[in-house]
Amino acid sequence: MGTQHLFSPLTIASPSGPGLTLRNRLIVAPMCQYSVDDLGGVPTDWHLQHLGSMAAGGFGMVVTEATGVEPRARISPRDLGLYTDEQQDAHARIVSFIHAQGAASAIQLGHAGAKASTYPGLPGLPEGTVPPQEGGWIPRGATTEPVRDGYDAPEALDGGGIAAVVRAFAEAAARADAAGYDAVQIHAAHGYLLHQFLSPLTNTRTDEYGGSEENRTRLTREVVAAVRAVWPDEKPLGIRFSAVDWTPGGWGIESMIRLARTLVSDYGVTWIDASTGGLDKSEFIEVGPGYQVRFAAALREALEGTNATVSAVGLIEDAFQAETILASGQADAISIGRAALRNPHWAAQAAARLGVASEENPRSIPLWRARW
Ligand SMILES: Cc1cc2nc3c(=O)[nH]c(=O)nc-3n(C[C@H](O)[C@H](O)[C@H](O)COP(=O)(O)O)c2cc1C
């Protein structure tokens with residue numbers, strides 16, 4: 001097998017201009033690091049080394065972790081935000097380093113909704129909602145139903161609250177542009193706010209944001225439209241979906257495909273990452289190598305003939321496995337999560353395994369003497 005797919009450049013289209021060209025088709029999936037210093041959402045040196053080392057390690061694009069568009073949007077009090085000048089400046093420093101390594105930079109903008117203010121997924125910490133005395137806050141979601149046992153009941157967003165969320169996404173996107181990010185990925189997956197509205201399991205609202213599929217997708221469409229309005233036309237806008245809830249009666253692949261088609265044809269979205277799950281406590285996920293690739297493949301097929309890039313994610317940990325997914329046309333790009341966390345130079349190693357010449361290996365020059 002050759003390297004003609006994984007290590008060939010990829011251009012993600014944008015509404016105007018040539019689009020964003022990545023040096024290869026490996027994208028670092030967003031991964032929360034729970035590593036801010038003062039609970040103020042400002043990226044630290046940890047984030048610089050985390051994202052920077054993966055850029056140095058040869059990835060085509062690095063996606064910054066789920067970043068709250070307002071203080072209450074953060075998943076945990078230790079998550080990043082992008083709603084102050086200080087945060088923006090710290091993001092800009094990281095973006096500049098990523099670019100210097102030859103990689104593109106994207107940021108995942110999100111709102112955790114009813115899953116906000118939770119303890120980070122780190123050892124020694126409980127599950128559930130962080131109380132105010134530990135830096136937590138009352139979460140706000142689609143309804144007043146807690147999404148999990150042990151989570152506090154959220155407040156339900158009213159019309160004004162929804163409009164404020166949409167505005168916050170747009171303001172954060174404007175800051176992402178000012179910080180130099182090349183792409184934005186809107187987080188509509190994993191049981192967070194937009195997914196809470198999309199899924200009939202969590203959205204039992206009776207207003208124009210609940211009930212029919214048209215209504216449940218309204219908030220996502222409003223967020224995408226508001227972000228696209230401020231995000232430069234020359235830059236790609238992406239979105240991450242959970243393709244399925246893994247629970248009967250939940251959000252599913254057909255709905256995701258319908259919404260994706262609309263966002264691509266009418267809203268200027270050109271990059272979709274197909275993940276799954278994260279919403280329902282009773283979900284049963286069939287986990288195994290490449291366990292979510294079939295959802296990306298279904299989306300890829302449904303979007304044939306459009307300008308959209310589809311990335312696959314989920315236990316893609318082997319270079320040949322990744323190459324095969326692209327060679328068989330199941331996706332246009334591969335998002336790598338834990339394998340990159342374990343080994344930030346995963347892309348450089350994959351290039352060597354697939355026979356890319358040392359001189360063409362995408363890793364940064366100071367690593368040269370460790371070449372294969
Ligand atoms: C430590 C950690 C943090 C994560 N944080 C995020 C996040 O901020 N946003 C998101 O959409 N997914 C997040 N994920 C999910 C990953 O992006 C990815 O979809 C998942 O780990 C499956 O891919 P993998 O098997 O390559 O790790 C996180 C995963 C891990 C392990």
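**Enclosed elements and loop residues in a predicted model**

In this predicted model, helix H8 (residues 293-302) has 7 of its 10 residues buried, so the helix is largely enclosed by the rest of the structure. The buried positions of H8 are Val 293, Phe 295, Ala 296, Ala 297, Leu 299, Arg 300 and Ala 302. These buried residues pack against two helices, H7 (253-266) and H9 (319-327), and against two strands, S10 and S11 (309-313).

The protein as a whole contains 11 helices and 12 strands. Its radius of gyration is 19 Å, close to the 21 Å that the globule rule gives for 372 residues, so the protein is as compact as a globular protein of that length. The C-alpha trace spans about 60 × 45 × 40 Å along the principal axes. Of the 372 residues, 61% count as buried. Among contacts with a separation of 6 or more, 70% are between residues 24 or more positions apart.

The surface and the charges were also computed. The protein exposes about 14,100 Å², and carbon and sulfur atoms supply 51% of this area. There are 29 positive and 41 negative charges, and the mean positions of the two sets are 4 Å apart.

Strand S9 (residues 237-242) is another enclosed element. In S9, 6 of the 6 residues are buried, so this strand is largely enclosed by the rest of the structure. In a regular strand, side chains alternate between the two faces of the sheet. Both faces of S9 are covered. Leu 237, Ile 239 and Phe 241 are buried on one side, while Gly 238, Arg 240 and Ser 242 are buried on the other.

S9 is paired with strands S8 and S10. Strand S8 (residues 183-188) runs parallel to S9 and is joined to it by 5 bridges. In this pairing, Gln 185 of S8 stands opposite Gly 238 in S9. Strand S10 (residues 269-275) also runs parallel to S9, and 6 bridges join the two. Here Ile 239 of S9 stands opposite Ile 272 in S10. S10 is also among the elements against which the buried residues of H8 pack.

Some loop residues were examined individually. Pro 139 is placed in the loop between strand S5 (104-110) and strand S6 (140-141). A residue counts as buried when its relative accessible area is under 20%. Pro 139 has a value of 0% and is therefore buried. Apart from neighbours within four places in sequence, Pro 139 is in contact with Gly 113, Ala 114, Ala 116, Thr 129, Asp 152, Pro 154 and Glu 155. The C-alpha atoms of Pro 139 and Leu 354 are separated by 46 Å, and these residues lie 215 residues apart along the chain.

Backbone angles were considered at two further loop positions. Most residues other than glycine have a negative phi. Tyr 34 is not a glycine, yet its phi is positive, at about 50°. Tyr 34 lies in the loop between strand S3 (26-28) and helix H1 (45-56). Leu 315 also has a positive phi, near 45°, in a residue other than glycine. The loop that holds Leu 315 is between S11 and H9, both of which are packed against by the buried residues of H8. Leu 315 has a relative accessible area of 23% and is partly exposed.

Key:
Residues numbered from 1 in each chain as written. Predicted model: local features only at pLDDT ≥ 70, side-chain atom pairs only at ≥ 80, totals over all residues. Heavy atoms only, no water. Helix = DSSP H or I, 4+ residues; strand = E, 2+ residues; numbered from the N terminus. Rg over C-alpha atoms; globule rule 2.2 N^0.38 Å. Buried < 20%, exposed > 50% of the residue type's maximum accessible area, 1.4 Å probe, protein only. Contact = heavy atoms within 4.5 Å. Areas by Shrake-Rupley, 256 points an atom, 1.4 Å probe, with all protein chains shown as cover. Lys, Arg positive; Asp, Glu negative; His and termini not counted. Charge placed at Lys NZ, Arg CZ, Asp CG, Glu CD. Pairing = 2+ DSSP bridges.
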